[in-house]
Amino acid sequence: MQPKISAFFKRQEADPDPNSGDGEGNGHGSDGASTEAKRKAKGCRRGELVSKKRNYAQFHLELGQPDFLLHTCSVCGMMYARGNDEDEKVHRAYHKSYSGGVPFKGWKNETVMARSEGGDRVILATDENSCVSKSKVREVITVVEKELGFGEGKLLHKLCKVYLYISGQRIVGCLVTEPIKTAHRVIPSSPEESHNNLPVDSTEPGKNGHTLEFGEISFKREIIRRHNHSIKNKEECQDPGAIICETEAVPALCGFRAIWVVPSRRRKRIASKLMDVARKTFCEGKTLGISQFAFTPPTSSGKGLACRYCKTSAFLVYKDGLV
């Protein structure tokens with residue numbers, strides 16, 4: 001059996017015709033050789049044409065665009081180059097982790113600190129875990145550092161404990177704690193400052209100028225007092241600005257270095273649950289009281305969280321780096 005049918009026909013063309021003479025046989029042989037050469041030449045030309053591929057390049061016109069080189073995502077804040085496949089891929093992964101949580105399939109040896117009825121759990125990431133867990137913690141910490149404004153690699157150190165809130169195979173919350181020795185109590189804003197920053201619609205109706213007259217037409221302005229139940233602490237209405245603390249230090253044991261929850265799961269008490277677990281497990285066999293833990297200088301939303309959780313605006317704050 002022939003390996004290829006084309007090889008069979010080639011051999012038939014090369015063999016001389018026995019019925020013809022020597023001269024005619026030589027003539028047919030030369031014709032076959034010339035035909036073979038022509039076919040090879042055509043094959044080479046076709047190969048050259050196939051091998052020549054067109055290369056395309058994407059060009060852009062710079063016309064003074066502010067985001068010509070790098071575009072900043074309005075949701076996650078990441079800067080990336082539009083049209084670059086690698087940058088687009090990295091941005092999609094980071095955007096999904098930022099808005100919905102970091103994907104998490106679970107670890108073999110999880111240190112589960114608390115469970116909820118819905119299947120959510122809080123786990124503690126320690127140095128004893130495997131390299132896989134360390135890489136996952138690093139991925140979460142990268143998101144936290146970018147959102148809270150920490151420098152790259154500046155959030156964690158050897159004494160930190162990382163609590164992760166797991167829900168639906170995603171990490172949706174993170175609390176980083178560290179041991180501290182002292183903290184300072186925040187001085188609440190004065191009543192006068194709180195009164196001056198109240199909304200206009202809560203002004204008392206005893207002032208003059210409620211009736212406006214334009215010739216024979218007069219308008220009477222009616223003030224309706226609105227009760228905002230969410231403003232229990234008047235300091236929450238104000239721009240936090242600089243936080244003023246007492247000069248005298250007080251003893252404290254646990255510092256909440258960073259608290260983060262994905263935007264889609266905020267206002268669902270995830271941060272409060274993380275802090276509850278940390279207070280119960282940070283010191284073995286002891287639950288920390290309100291006066292035994294402190295926060296790093298918070299943002300405006302962080303200040304509101306601290307006020308609500310501690311049920312006072314005079315919560316404890318410690319300076320980063322003084323452990």
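Select G101 to begin: this glycine stands just after helix α3 and takes a positive phi of about 110 degrees. The coordinates belong to a predicted model, and every value quoted on this tour is to be read accordingly.

Next, display helix α3 itself, residues 85-100. The helix contains 16 residues and spans 22 Å from its first C-alpha to its last, close to the 22 Å expected at 1.5 Å a residue. At its N-terminal end, show the side chain of N84, which acts as the cap. One of its side-chain oxygens lies 3.0 Å from the backbone nitrogen of E86.

Which residues of α3 are buried? Select H91, Y94, S97 and Y98. Viewed down the axis of α3, these buried residues fall within an arc of 135 degrees, and they therefore line one face of the helix. The general rule behind such a pattern is that an α-helix has 3.6 residues a turn, so residues three or four places apart point the same way. Now rotate to the face turned away from the buried side, where the exposed residues D85, K89, R92 and K96 are found.

Return to H91, which lies in α3. Its relative accessible area is 9%, and because buried means under 20%, H91 qualifies as buried. With neighbours within four places in sequence set aside, H91 is in contact with C73, C76, M78 and Y80; selecting these four together with the histidine displays its surroundings.

The tour now turns to aromatic rings. Six aromatic pairs are counted in the model. Select F104 and W107: their ring centres are 5.1 Å apart and their planes stand at 80 degrees, so this pair is edge-to-face. Both F104 and W107 are buried.

Proceed to F295 and F315, another edge-to-face pair, with 5.8 Å from centre to centre and 85 degrees between the planes. F295 belongs to strand β13 (residues 293-295), while F315 is in the loop between α7 (300-310) and β14 (316-317); the pair therefore ties together parts that are 20 residues apart in sequence. F295 is buried at 6% relative accessibility, and F315 is buried with a relative accessible area of 2%.

Extend the selection to F256, F293 and Y309, which together with F295 and F315 form one aromatic cluster.

Finally, select K161 and F282. What sits over the ring of F282? The charged end of K161 does, 5.0 Å from the ring centre.

Methods: Residues numbered from 1 in each chain as written. Predicted model: local features only at pLDDT ≥ 70, side-chain atom pairs only at ≥ 80, totals over all residues. Heavy atoms only, no water. Phe/Tyr/Trp six-rings, centres within 6.5 Å; stacked < 30°, edge-to-face > 60°. Buried < 20%, exposed > 50% of the residue type's maximum accessible area, 1.4 Å probe, protein only. Helix = DSSP H or I, 4+ residues; strand = E, 2+ residues; numbered from the N terminus. Lys NZ or Arg CZ within 6 Å of the ring centre and 35° of its normal. Expected span 1.5 Å × (residues − 1). Arc of directions from axis to C-beta. Polar contact = N/O pair within 3.5 Å; in protein donor to acceptor, adjacent residues only side chain to side chain. Contact = heavy atoms within 4.5 Å.
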